[in-house]
Amino acid sequence: MSIPELGRKSLRTGLLVTLDILAILSSMVVTYFFLYPVEFIQNIDQNHFVESAILYSALFIVMAGVSQLYRVAWRFASMSEAIRLAATLFMSTVTLLLIQFAVYGEAMERMLFLSFCLSLLMLGGIRLGSRVYITWKQQQYSIFLGRKMKRRIDEKRTLIIGAGQAGRMLVRQIQQSDNHRMNPIGFIDDNRHLQTLTVNGVRVVGTIEQLEEVVENEAIDKIVFAIPSMKYQERLAIIKRAKAICTNVHTLPMIEEVAAGKVAVNQMRQVSIEDLLGREPVELDISGIRSEVEGKTVLVTGAGGSIGSEICRQILKFSPERLLLLGHGENSIYLIERELRELKVDVELIPVIADVQDVERLRDVFMTYTPHLVFHAAAHKHVPLMEANPHEAVKNNIYGTKNVAEIADEYGAARFVMISTDKAVNPTNVMGSTKRIAEMVVQNLAKTSRTKYAVVRFGNVLGSRGSVIPLFKTQIEKGGPVTVTHPDMTRYFMTIPEASRLVIQAGTLADGGEVFVLDMGEPVKIVDLARNMIKLSGFTEEQISVAFSGIRPGEKMFEELLKEGEVHPEAIYPKIFTGIVTEEVDLDGKLANMKELKTSEALSLYLVNWANDCLDSVKCDQLKETV
């Protein structure tokens, strides 16, 4: 703490102590005069009044110091601080009463009781007065008129959904800050006891059921959802109603985000596509991860990608000794390294530029750092591009995975987690087929290795590179249309942090060769996602249309997370299931045969047939039509 700042704090404390002493002495004098007016004039020191008044002040100052009342920022104080003030004064009063009995043989009970009441009013008034003054000065509110004396032209007439603790905190923040440009017109809340009352100077103007009516009657420009603890489906329904009648909708974070330390409870954000996803995000309990990660060396391949970079962010929370950021693109590795270094964590960050297809380079990395945990996120994921470039998909997705997995075994890594995709289930395209074959490679290694291997499958990740969200955003910025392949196209969706936590959690659950699958709820129609994004951007479908472009090469109408009958009926962990995946026979022989295929068409057909376990089968003829 700087000397000027220390001086300001000392001055503030000294001023408050002085005012408290004057308040207690004044209350004693007023009380004594009220009870004994004649004695007060004739003999001020009757019954040792002066000694008692001085002792009362001293007792309160000492006890206030012990209870740290002088460290309270009274501008932000709540009921708990007020109770602490009253308790401290009460203890001072009781102590003085006992001292009077012990020293003087009698006590002035009536006078001390009245002095306690008057002192409490005066001490509270001092603290409340400073709070009222600061609030009035900063926001230029008239306390007596109950309305703003001066308003900015750009203020938005704001309706707050929820008059609970979060809503009240938000109103206080608005009143104490010049940055929000909001004029809180009213609350809506389903608590019938609050109807027509005023909360923090703002009226409760109706219930949530009356949302549309209130917005119209009060000419609302902005809506803020302020019920962090509300269940997801209820929250979703209210936000959708709000978006239908007002383009400017914000929300306070959900209670899970606050508990995770990501944001403050009163920190607003624009309603995002995640809020309209249509399913409740799965929050995993990751407390058991620390024992696996803390003090260890962790390697993440594809660390510059959407999933890989988020895995790195999550891993840092558990204090590894060293984190290896491995990737082929120097710019993406540079960016994630710079971002993580700005967090100022006590973890050695090592950027590694390497290609997972380069066995010798990988061996050198493992020999130098001997990672304990390996998260393999490096892969080609774009379906149409891999249809056109199957040889590259094979080299990166199959052989790249094989290289990293085998070298992890060679150098004794404790755990290896491969990130897969729902497109690996009954694949009809090159990308999904190469990921399924990569799963087979990992599962085969798990049979003989001391390293615990696992595969994690999940659906589409909102906001990741190559997902539809960035594409839709770009199309909306250009004025549309937003292109969707087919009106009935559906996909499973999850957020990037959620996907990354699942991967890390799987690393602790792995026993060898499992395929972990997250319960992702119901699939979402892509066309509904597109329409929600148009609304979130403040447009209507008349302004920005949705156009259907037709299914692209290799795409399926819907995705699956496991084949029928492949999933264990019971979750091994809340919302996490384990797949029962058949073992691959003659893996090396099939890899050798694949190398002989020179044309893209032959390789594509071979990959899809192999991944669907129908090589040299009548099923192959049926698959030829889909590739």
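These notebook entries record the salt bridges I looked up in this predicted model.

Entry 1, ground rules. I number residues from 1 along each chain as its sequence is written, and I use heavy atoms for side-chain values, leaving out hydrogens and water. As the model is predicted, local features need pLDDT of at least 70 and side-chain atom pairs count only at pLDDT 80 or more, while totals for chains, interfaces and linings use all residues.

Entry 2, count. I took a salt bridge to be a side-chain nitrogen of Lys or Arg within 4 Å of a carboxyl oxygen of Asp or Glu. The count under this rule is 15 salt bridges.

Entry 3, helix α11. I found Glu-310 and Arg-313 joined by a salt bridge of 2.9 Å, N to O. Both residues lie in helix α11 (residues 306-316; helices are DSSP runs of H or I, at least four residues, and strands are runs of E, at least two, numbered from the N terminus). Glu-310 is buried (under 20% relative accessible area) at 11%, whereas Arg-313 is partly exposed (between that limit and exposed, over 50%; 1.4 Å probe, protein chains only) at 26%.

Entry 4, helix α15. I noted a salt bridge between Lys-395 and Glu-392 at 2.8 Å, N to O. The two stand 3 residues apart in helix α15 (residues 390-410), about one helical turn.

Entry 5, a link between distant parts. I saw that Glu-439 forms a salt bridge with Arg-457, with the closest N and O atoms 2.7 Å apart. Glu-439 belongs to helix α16 and Arg-457 to strand β15, 18 residues apart. Glu-439 is buried at 0%, and Arg-457 is buried at 1%.
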